[in-house]
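Subject: Structure for you to look at

Hello,

Here is the structure that we spoke about, and I would be glad if you opened it before reading on. My notes on what was found follow below it.

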Amino acid sequence: MPAPSTPLRLVPAPRLVEERAGAPFVVTASTTVTVGTSPAEVSLGVLAAEALSRVSGTTVEVRYRDVAEPTQPGDVALRVDGSMAAEAYRLDVVTDLVEVVAGSPDGLMCGLATLHQVLRPHEGTFAAWPVHVDDEPVHAWRGLSVDVARHFFGPDDLRVVVQLMSAYKMNVLHLHLSDDQGWRLDLPSRPELAARSGGTAVDGDPGGWFTTEEFSALVAYAQARGVRVVPEIDVPGHVNAALHAYGELTPSGEPTEAYTGIEVGFSRLHADLPATEPFLRDVFGDVAAVTPGEYVHIGGDEVLTMEREEYARLVAMASDAVRAAGKQVVGWQEIATTPLEPGTVVQYWDTRMDPAPLVAAAKAGARLLMSPGSRAYLDMKYDADTALGLEWAGHIELRDAYEWEPTTLVPGLPEGSVIGVEATVWTETLRSIDDLMTMLLPRLAAVAEVAWTPKERRDWDDFAARVAGHGPYWDAEGLAWYPSPQVDWHVDLG
Ligand code: TNX
């Protein structure tokens, strides 16, 4: 069997890839996934077998094994090796065996994403040619933030997003669950939030919301695929949906009108109203209760109608509520203008703003998450002809989303303060999963590589050649995507 004539096209680029001589490993009915017996490994084994069954059209079984049991021909063996870094993995394909070894189940998930990309169609099934991959991410936080508040994207849509993230080794799904236009998570302590403000969306389009059960099911689905959910309740601005549901949060005591426009910055909480602090405590307590992950996002952006001192009090109230519920605080970059506890995660987004407070916060122990509007805001138009999207941060073609370096973007940050990268997709103009995917693809693959692969191993021409091989995969998955003219998409997949 000749080796394939076309190169591997792995995204994000791994640390080391060595193709070797020999016949391929062919997925057949006797292929068996073998895995250890911890709950996370069992669930991973089932997912791997499902994925292999799906691509090959045969039924791939799972065998659970003791650590000592040797592998057998035909095995796809998954193994956790506690001496490796948690997300590091090795993938070895030889003619009759595939082995994935990683520091943790999350690392195994990354290895499986690579295995998926080395499989090629072969005689009615799939085959992988011998290869050795040794890999590890440069950043721990590789996120995507999805705005489900301006337009609602429910569990089915978000499962598709999670699958895509996992294919590109992204591990944090940040959900923007509340804004002026709608409230998207039902909370037991404040039932009017979803009941009164769940049904609205931008332009009077249909809204929607997650029940706590639906939300928990999504969180579990994501977790099984190596993706943690970070919920955001945006305060003290972007709160009209809350003010519409609970009049006690406004100075007059009257609820506000529902809002379906796309202006920002006009709505706000009031630090001196007696209802405000209990509201924050209840809401963040409920959100923390449905969040197994470590982080809850308090928003904090674009409060254009408040004095600094009141803003700082409200950020502190929200942060205290999150910490009292046992979670760590994430907030948009504006919170860096207030006193922060060390370890708080500050999300950089507005490249127009003075970075001095950010640098000062990082020096005082804050951790930074990089989402520069001009690079990582995947709701920006690709160019002037893009039908969907906004333009306030400029146009973002594929190359713009690819060619930037998170650790040096803001000068003067202390070494090690950047914990990762997050793409965002705001949905003022996006109504359907096709709209969403058209903005995400191919740019999400670019941001995923910025987050995973160190600068020394990133090269635009090389990326453009690799990502070209992913169009047929997106087509096969039924995902809409934008055929950027910066890439020659006419590839022969051999
Ligand atoms: C800025 S990013 C916002 C959002 C908008 C977005 C549109 C951020 C923290 N705030 O409210 O949806 O721009 O691109």
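By class, the shell around the ligand holds seven nonpolar, one polar and five charged residues, where Ala, Val, Leu, Ile, Met, Phe, Trp, Tyr, Cys and Pro count as nonpolar, Asp, Glu, Lys and Arg as charged, and the others, Gly among them, as polar. Please keep in mind that this is a predicted model, in which local features need pLDDT of at least 70 and side-chain atom pairs count only at pLDDT 80 or more, while totals for chains, interfaces and linings use all residues. Residues are numbered from 1 along each chain as its sequence is written, and side-chain values use heavy atoms, with hydrogens and water left out.

The ligand is surrounded by 13 residues (each with a heavy atom within 4 Å of it), and the closest are Arg150, Tyr377, Asp379, Trp392 and Glu428. An oxygen atom of the ligand lies 2.7 Å from a side-chain N or O atom of Asp379, and a polar side-chain atom of Glu428 is 2.6 Å from an oxygen atom of the ligand. Of the 360 Å² of accessible area that the ligand has on its own, the protein covers 98% (by the Shrake-Rupley method with a 1.4 Å probe).

Turning to the strands (DSSP runs of E, at least two residues, numbered from the N terminus), eight of them close into a barrel in the order β11-β12-β15-β16-β17-β18-β19-β20, with parallel pairing (two strands pair if DSSP finds at least two bridges between them). Within this barrel, β15 (residues 228-235) is joined by two bridges to β16 (residues 295-299), and Glu232 stands opposite His297 in β16.

Best wishes

Conventions: Polar contact = N/O pair within 3.5 Å; in protein donor to acceptor, adjacent residues only side chain to side chain. Helix = DSSP H or I, 4+ residues; strand = E, 2+ residues; numbered from the N terminus.
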